[in-house]
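User: Please take a close look at a single strand in this model and explain how it is placed among its neighbours.

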Amino acid sequence: MSTLADIQTTSDDSGVVIARIAGEMDASNTSHVENELTAAVPNSAPGMVLDLSDLSFVDSSGVELFFRLGERLEDRRQRLAVALPEGAPIQRVFEIVRFSEKLPLAGSVEEARTLLRTAPR
């Protein structure tokens, strides 16, 4: 198993889990990333912010994981928002798959947290 991606998680004062993924995500480590992210969100959390500002590469298996995670959280009445700053290395991938049509996409972690707080459940 490749561990090209480094995952760090914290929670803010409202219980939102903030997961920072750095490095690379591809088919060799997507299962590991999915397990880490899923385990990081307790049932009591209102949702998760994925900070992808330091993710330098993602393939289709990683994008699919983000969509699955969004669906899984929605099934649990939780929300997912993604922070991806303008000019991020993976920004073009997210444009091609029209990511923002499926999940909230923000330019910063703070903007993503605001989206979670203001989005209807």
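Analyst: A good place to begin is a pairing at one end of the account: Ala83 of strand S4 has Ala106 as its bridge partner in S5. In this predicted model, S4 covers residues 79–83 and is joined by two bridges to strand S5, residues 105–106, with the two strands running parallel. Between them lies helix H3, residues 91–96, and S4, H3 and S5 together make a right-handed β-α-β unit.

S4 also pairs with S3, again in the parallel sense, here over five bridges, and within this pairing Val82 of S4 is the bridge partner of Leu50. The chain reaches S4 from S3 by way of H2, in a β-α-β crossover that is right-handed.

As for the side chains, Arg79, Ala81 and Ala83 point one way from S4, while Leu80 and Val82 point the other way, and all are buried. In a regular strand, side chains alternate between the two faces of the sheet. Because five of the five residues of S4 are buried, the strand is largely enclosed by the rest of the structure.

The surroundings can be followed through the largest nonpolar core, which has 29 residues and in which Ile21, Met48, Leu50, Leu52 and Phe66 have the most contacts. S4 is among the elements that give two or more residues to this core, as are S3 and H2, and the largest share, six residues, comes from H2. Met48 touches Arg79, Leu80 and Ala81, and its other contacts include Leu69 and Leu73. A second, separate core of eight residues includes Ala106, the bridge partner of Ala83 in S5.

Conventions:
Residues are numbered from 1 along each chain as its sequence is written. This is a predicted model: local features need pLDDT of at least 70, side-chain atom pairs count only at pLDDT 80 or more; totals for chains, interfaces and linings use all residues. Side-chain values use heavy atoms; hydrogens and water are left out. A nonpolar core is a set of buried Ala, Val, Leu, Ile, Met, Phe, Trp, Tyr and Cys residues joined through side-chain atoms within 4.5 Å. Buried means under 20% relative accessible area, exposed over 50%, partly exposed in between (1.4 Å probe, protein chains only). Helices (H or I, at least four residues) and strands (E, at least two) are DSSP runs, numbered from the N terminus. Contact means heavy atoms within 4.5 Å. Two strands pair if DSSP finds at least two bridges between them. A crossover is right-handed if, with the strands pointing away from the viewer, the path from the first strand over the helix to the second runs clockwise. Lists of a residue's contacts leave out its neighbours within four places in sequence.
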